[in-house]
Amino acid sequence: MTTLLKNTSFIDALHFKNAGTPPIWLMRQAGRYLPEYRAIRKNHTFMEMVKNPKIVCEVTAQPLQRFKFDAAILFSDILMLPHALGMPLEFKESVGPVFQSPLNTIEDLVPLKKGSVSSLDYVFEAIEQIQQNIDVPLIGFAGAPFTVASYMIEGGSSKTLAKTKRWLINDKSSFLDIMEFLTEKTIEYLNKQADLGVAAVQLFDTWAGALSESQFRECSFPYLKRIIDSVSKKVPVILFSKAATAFAQVFQDLGAAGIAFDINANMAEQRKKMPSIVLQGNLDPDVLLADPEIVQKEAGKILDSMKNDPGFIFNLGHGILPETPLESVQALIDKVRHG
Ligand code: CP3
């Protein structure tokens, strides 16, 4: 495949070879804080957008046209995989994702077993198109089985994941059947993204913190490990979780190239504990709601503590908020680039 790659600092950092200022990209960088995103969104549902390769291509590139980010992330959603396997999905205004028929018993998984990753052809087509249109590396992604299963079971966003936890605790064996199923599909999905040329993939186990450490070791760890072992043969894997700090010790053993930290971590302390894992993070997204000078001061603290680290990638501790002013993003990038 022809590639237009000009800026390789993100890839260099993934190989511990970044000599300059750290690369920067932001989770949800293609999204509602951008007026040009909202302009398209006004005329389309989120679902229409992610199923249209031309729009996916355009929206993925939008943040790069405005800001000098060092990587792009595919515009899609972690819930498109269960959707493609047969679960009707809607993204409702000011509610979030809603699965029409959440999983209630293990029998509900049976029809999904006939589903195929190839239904995500609109994603694969978009990945090919995007790479013809951008000059920075493209990051692919998927949700981790536990986090994706939690949405399939809860039917949408939930504060407590009570239904998911009850299932896992009450009937572990059938819960692990769901993990097994999602693991195989996720491996297939991510390997396909890698075959199409993405430079790295990020695996989102956003809600792993709903689990105790022993529950995590039994119900998420082995599945993450299988995904990471398989996909790492092709591209570096970065693992993100809101519980990355809490589970840092355990995460280290998963063999991911990189760990993306939530806001709770002290990055320099993590570096001492894990000298050979790429570290990504971890500015509080709320900082971007403050004045530009404050944004630069807060970013400066992280930058100073990670100065000259060849395997550090600057990012937020979670996705950028829709209310974020554009000036904050510009101030952040200026600070990362010029100190
Ligand atoms: O980061 C990017 O720019 C790439 C695209 C991306 C989206 N979602 C776009 C999106 C990625 C990588 C995700 C991951 C995702 N989706 C996660 C894991 C990471 C995280 O943020 O915790 C989760 C849990 C989801 C599920 C999801 N999708 C929720 C809970 C919501 C509603 C909340 C919200 O932010 O609106 C979504 C919708 C969603 N996914 C939007 C975007 C841009 C907003 C859609 C809109 O325009 O209305």
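The lining of the second largest pocket is mixed: six nonpolar, six polar and five charged residues. This pocket belongs to a predicted model. It holds about 300 Å³ of space. The largest pocket holds about 1,300 Å³, and the ligand takes up that space.

**The second largest pocket**

- In all, 17 residues line the second largest pocket.
- T21, P22, L303, K307 and N308 are the lining residues nearest its centre.
- Two elements each give two or more residues to this lining: α14, spanning 292-305, and α15, spanning 326-338.
- Of the elements, α15 gives the most, with four residues.

**The largest pocket**

- The lining of the largest pocket counts 37 residues.
- Nearest the centre of the largest pocket lie R28, R32, D77, F91 and P97.
- Four elements supply two or more residues each to this lining: α2, β2 (89-92), β3 and α7 (145-154).
- By class, the lining of the largest pocket has 21 nonpolar, ten polar and six charged residues.

**The shell around the ligand**

- The ligand occupies the space of the largest pocket.
- Around the ligand stand 23 residues.
- R28, R32, Y37, R41 and D77 come nearest to the ligand.
- R28, R32 and D77 therefore appear in two lists, being among the residues nearest the ligand and among those nearest the centre of the largest pocket.- The shell divides into 13 nonpolar, six polar and four charged residues.
- Helix α2 (35-41) and strand β3 (96-99) each provide at least two residues of this shell.
- Both α2 and β3 also give two or more residues to the lining of the largest pocket.

**Polar atoms at the ligand**

- Which atoms of R28 lie 2.5 Å from an oxygen atom of the ligand, backbone or side-chain? For R28, a backbone N or O atom is the partner.
- R41 uses its side chain: a polar atom there lies 2.8 Å from a ligand oxygen atom.
- A30 takes part through its backbone, with a polar atom 3.4 Å from an oxygen atom of the ligand.
- How much of the ligand does the protein bury? The ligand taken alone exposes 870 Å², and the protein buries 89% of that.

**Backbone details**

- The peptide bond from G281 to N282 is cis.
- Its omega is near -20°.
- N282 is part of strand β8, which covers residues 278-283.
- F16 has a positive phi of about 60°, although F16 is not a glycine.
- Where is F16 found? F16 sits in the loop between α1 (9-14) and α2.
- The helix after that loop, α2, is one of the elements that supply the shell around the ligand.

Methods. Residues are numbered from 1 along each chain as its sequence is written. This is a predicted model: local features need pLDDT of at least 70, side-chain atom pairs count only at pLDDT 80 or more; totals for chains, interfaces and linings use all residues. Side-chain values use heavy atoms; hydrogens and water are left out. A residue is near a molecule or strand if one of its heavy atoms lies within 4 Å of it. A polar contact is a pair of N or O atoms within 3.5 Å; within protein, one must be able to donate a hydrogen and the other to accept it, and residues adjacent in sequence count only if both atoms are side-chain atoms. Accessible areas come from the Shrake-Rupley method with a 1.4 Å probe; for residues, only the protein chains shown count as cover. On a 1 Å grid over the protein atoms alone, a cavity is a set of points where a 1.4 Å probe fits but cannot get out, and a pocket is an open set with protein on both sides within 12 Å along at least five of seven lines; lining residues have an atom within 4 Å of a point. A molecule sits in a cavity or pocket if more than half of its atoms lie within 2 Å of its grid points. Ala, Val, Leu, Ile, Met, Phe, Trp, Tyr, Cys and Pro count as nonpolar, Asp, Glu, Lys and Arg as charged, and the others, Gly among them, as polar. Grid points are joined across faces, edges and corners, and a volume is the space filled by probe spheres set on the points.
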